Amino acid sequence: MAQRNTWQRERVRDALADARGFVSAQSLHAALRDENTGIGLATVYRALAGLAAAGQADSLQSPEGEALYRACAMSGHHHHLICRSCGLAVEIEATAVEKWAQDTAAQHGFRDAEHVVDIFGLCESCAAQKA
Ligand SMILES: [Zn+2]
Ligand SMILES: [Zn+2]
Ligand SMILES: [Zn+2]
């Protein structure tokens with residue numbers, strides 16, 4: 001059953017790798033449709049969720065609450081700077097945030113603390129275009 005959709009998942013992963021930054025399932029589906037792959041939107045959603053669960057893609061929520069995905073260059077815990085205009089993403093480490101999160105959790109008696117910190121803004125070239 002899982003085997004049957006393997007090529008579709010591979011195809012979605014390739015499309016994700018080609019994308020410049022974080023993309024929604026809908027925009028990825030539109031790109032695949034332009035290539036006449038015949039992959040449906042539901043399959044794209046499933047493939048992206050599967051890739052994220054397997055640690056092969058990053059997922060996050062846009063400020064508008066939409067799920068966004070990206071094939072990630074970094075493995076392990078990290079953070080992102082994301083352009084809200086063009087979707088460009090930069091992988092960043094945030095040592096100060098790691099320490100702050102750990103200390104804050106400990107101060108309040110929390111264990112196994114996790115956090116999600118992504119910074120949304122305008123990248124240099126989008127900011128230049130708007131100026
Ligand atoms: Zn990432
Ligand atoms: Zn930009
Ligand atoms: Zn962190």
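Two strands count as paired when DSSP finds at least two bridges between them. By that yardstick, strand β4 (residues 79-83) and strand β5 (residues 89-92) make a pair in this predicted model: the two run antiparallel and are joined by 4 bridges. Within the pair, H80 sits across from E91 in β5. The two strands form a hairpin with 5 residues between them, and in the turn G87 takes a positive phi of about 85 degrees.

The hairpin is also a good place to start on the cysteines. An unreviewed UniProt entry puts the feature "binding site" at C83, C86, C123 and C126. These positions span 44 residues in sequence, but no two of their C-alpha atoms are more than 8.1 Å apart, so the four gather at one spot. C83 belongs to strand β4, while C86 falls in the loop between β4 and β5. Their surroundings can be told apart by counting neighbours. C83 is classed as buried because it has 20 C-beta neighbours inside 10 Å, and a count of 20 or more is what that class asks for. C86, with 14 other C-beta atoms within 10 Å, is partly exposed. Setting aside neighbours within four places in sequence, C83 is in contact with G21, L88, G121, L122, C123 and C126. On the same terms, the contacts of C86 are G21, C123 and C126.

A little further along the chain comes helix α4 (residues 95-107), which holds E98. This glutamate has 14 C-beta neighbours inside 10 Å and therefore counts as partly exposed. E98 and H77 are 21 residues apart along the chain, and their C-alpha atoms are separated by 9.8 Å.

Now for the other sheet. An open sheet of 3 strands is laid out in the order β1-β3-β2, with antiparallel pairing. β1 (23-24) and β2 (58-61) stand at the edges with a single partner strand each, so one side of each has no neighbour in the sheet. The pairing of β1 with strand β3 (residues 67-70) is antiparallel and runs over 2 bridges, with V23 opposite Y69 in β3.

Y69 turns up again in the packing. Leaving out residues up to four places away in sequence, Y69 touches L16, F22, V23, L48, A52, A57, D58 and S59. Y69 is also one of the residues that touch the most other members of the largest nonpolar core, alongside V12, L28, V44 and L48; this core has 20 residues. The elements giving two or more residues to the core are α1 (6-18), α2 (25-34), α3 (41-53), β3 and β4. Of these, α3 gives the most, with 4 residues. The core also draws at least three residues from each of domain 1 (1-72) and domain 2 (75-131).

That brings in the overall layout. The protein is divided into domain 1 (1-72) and domain 2 (75-131), and the C-alpha centres of the two lie 22 Å apart. Domain 1 puts 9 residues into the contact and domain 2 puts in 11 residues. On the domain 1 side, the residues touching domain 2 break down by class into 5 nonpolar, 2 polar and 2 charged.

Terms used. Residues are numbered from 1 along each chain as its sequence is written. Chains are lettered from A and ligands numbered from 1 in the order in which they are written. This is a predicted model: local features need pLDDT of at least 70, side-chain atom pairs count only at pLDDT 80 or more; totals for chains, interfaces and linings use all residues. Domain bounds come from an automatic or database domain assignment. Two residues are in contact if their C-beta atoms, placed from the backbone, lie within 7 Å. Ala, Val, Leu, Ile, Met, Phe, Trp, Tyr, Cys and Pro count as nonpolar, Asp, Glu, Lys and Arg as charged, and the others, Gly among them, as polar. A residue is buried if 20 or more other C-beta atoms lie within 10 Å of its own, exposed if 12 or fewer, and partly exposed in between; C-beta atoms are placed from the backbone. UniProt positions are given in the numbering used here, feature names are shortened, and annotations may be inferred rather than shown by experiment. A nonpolar core is a set of buried Ala, Val, Leu, Ile, Met, Phe, Trp, Tyr and Cys residues joined through C-beta atoms within 7 Å.
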